[in-house]
Number of protein chains: 2
Amino acid sequence: MTDLKTKSEKTRERLLNAAGRIFAEKGYQDATIAEICEQAQANIASVNYHFGDKQTLYLEAWRHAFNHELGQHPPDGGVPRQAPVEQRLAGRIKSLIRRLADDESYSFAIIHKEMAQPTRLLADILEKEINPQRQQMFGLLRECLGQDASEQQLQYCHASIMGQCFQLLRLKQTQQARPQRALPSDMSDIGAFAEHVVDFSLAGIRAIRSQTLPKRIQA
Amino acid sequence: MTDLKTKSEKTRERLLNAAGRIFAEKGYQDATIAEICEQAQANIASVNYHFGDKQTLYLEAWRHAFNHELGQHPPDGGVPRQAPVEQRLAGRIKSLIRRLADDESYSFAIIHKEMAQPTRLLADILEKEINPQRQQMFGLLRECLGQDASEQQLQYCHASIMGQCFQLLRLKQTQQARPQRALPSDMSDIGAFAEHVVDFSLAGIRAIRSQTLPKRIQA
DNA sequence: TGCTTTGTTAAATGCGTATTTGAATTAGCA
DNA sequence: TGCTAATTCAAATACGCATTTAACAAAGCA
């Protein structure tokens, strides 16, 4: 893809990739500059030279990973804009799950850890990059729920969907944490799980939507 | 409740409480013994004296918190055993959400962090304490889904429910992380959210269940 | 009362790791 | 080629924090 010219830029790139991988695996605190530099085949001082400090490397590595992954998996899941709204929602959910499940996707693993223990270092950039995605999802949900749905219902349904998607990350963690035992949940078939989340969620959404109707009948 | 006799036991108790609070707030790595001792009004060496090391304190603090919280919120949500299965499932979900939402509940905040970045320190005890709860939930789900449901459908539905419940913890985190901004999700009304998760999930479960029936018609 | 065990305290120790430094090397360019 | 700036390197420094130590105090018991 992007062919890198100077040797310096190659080092920088190697650092970003290694940092993304290690930060995703261990979190900000547990990741050491020494290990990152080792994996990037760079000297221990190179992080300071290229990025100034560990915090900046963290931020740049996340941005680098996120931009790369957005290119890999289009957020609309490849569903055309003219498709029925439930299909478009399904496309977004599947795309999100694909990104979450991808072992090469570092940005979501980092977000996941950031949500459990915020370092505050990513707060601004995360807000800036994630909000547009959230708004897209909200738009689709609003359409699915109908115009009588309250803002709270909208937020709750959003939470239900995102919660299911991120559950994948938790299961992946506990799975690789104890590979010896019988798995509490087998998530090897990501496609099947994505289909399940879509079916489960669409049923949930329709149920919530139907709760909004009786009010109109009363009125 | 438990009246503490010796001064030593009081110190131990204060350490356990402070440790639970701080570990829940900051995670194992970021929590410092110094801060825990400060909050417990104990000397910095007292952790070593009473527990040996930080790891043991972590484990004991989790156990202490978990046992205490189980007493506060019965897992069946107060629904009698004779009630219809969907009501019993609803009770369990609501009870779980109540425990998750409780600001005094440290054990789940710790589990949440442990799932994002396992320290492995709690792995055994967590497995031992959580598995029974999981099996209870599985039993109810199996009944709700019907006998034609596959093991995979069961696991996926379980993941859908747990994902929604734990989403609460993520939202709490991001909320307290940036209290200045407009909240992306307002989770102030826990009861309403619990009702939503129940409605959403029961609809999802019924939809999955109805997918199992056509096979019988074909056969 | 004296002796022993248990618990507390402030100060030291040691280790892991981010960061800095200054010398050595390499790339960019005339 | 030779000069300069950019980059890399190994070693040194600085700092936070878990853990240890040894002196001290309190409690239990004869």
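Before I start: a helix here is a DSSP run of H or I that is at least four residues long, and helices are numbered from the N terminus. The model I am looking at is a predicted one.

**Entry 1: chain A, overall**

I read along chain A first and got the pattern α-α-α-α-α-α-α-α-α. That is 9 helices and 0 strands. Next I checked burial, and buried residues account for 37% of the 219 residues in chain A. I also looked at how far apart in sequence the contacting residues are. Taking contacts in chain A between residues at least 6 apart, I found that 63% join residues at least 24 apart.

**Entry 2: one covered helix**

How many residues of helix α6 of chain A are buried? I went through residues 106-116 and found 11 of 11 buried, so I noted the helix as mostly covered. Charged side chains are on the buried list too: A:Lys113 and A:Glu114 both appear there. Among the others I wrote down A:Tyr106, A:Phe108, A:Ile110, A:Ile111 and A:Met115. A:Ser107 and A:His112 are buried as well.

**Entry 3: two odd phi angles**

I went looking for unusual backbone angles, since most residues other than glycine have a negative phi. A:Gln41 turned up with a positive phi of about 55 degrees, and it is not a glycine. I placed A:Gln41 in the loop between α2 and α3 of chain A. Buried or exposed, I wondered about A:Gln41? A:Gln41 has 11 other C-beta atoms within 10 Å, and the cut-off for exposed is 12 or fewer, so A:Gln41 is exposed.

A:Arg120 was my other hit, with a positive phi near 75 degrees. A:Arg120 sits in the loop between α6 and α7 of chain A. I counted 10 other C-beta atoms within 10 Å of A:Arg120, so this residue is exposed.

**Entry 4: how the chains meet**

I turned to the contact between the chains. On the chain B side I found 43 residues in contact with 43 residues of chain A. The elements of chain B that give two or more residues to this side are α1, α6, α7, α8 and α9. Which element gives the largest share? I found α8(B) does, with 15 residues. Sorting the residues on the chain B side by type gave me 18 nonpolar, 16 polar and 9 charged.

Do the copies use the same surface or opposite ones? I found that 100% of the interface residues of chain B are also interface residues in chain A, so the copies meet through the same surface.

**Entry 5: symmetry**

I laid chain B on chain A and got an RMSD of 0.1 Å, using a turn of 180 degrees and a shift of 0.0 Å along the axis. The two copies are therefore related as by a two-fold rotation axis. Which residue of chain B comes closest to that axis? I noted B:Gly163, whose C-alpha is at 2.3 Å.

**Entry 6: around DNA strand C**

Last, I listed the residues around DNA strand C and got 20. A:Ile33, A:Lys54, B:Ser8, B:Asn43 and B:Ala45 come nearest. Both chains show up when I go by element: α2 of chain A, along with α1 and α3 of chain B, each supply at least two residues of the surface near the strand. The largest share comes from α1(B), with 3 residues. By type, I sorted the surface near DNA strand C into 8 nonpolar, 8 polar and 4 charged residues.

Notes: Residues numbered from 1 in each chain as written. Chains lettered and ligands numbered in written order. Predicted model: local features only at pLDDT ≥ 70, side-chain atom pairs only at ≥ 80, totals over all residues. Contact = placed C-beta atoms within 7 Å. Nonpolar A, V, L, I, M, F, W, Y, C, P; charged D, E, K, R; others polar. Buried ≥ 20, exposed ≤ 12 C-beta atoms within 10 Å, placed from the backbone. Near = placed C-beta within 6 Å. Least-squares fit on C-alpha atoms with pLDDT ≥ 70 in both.
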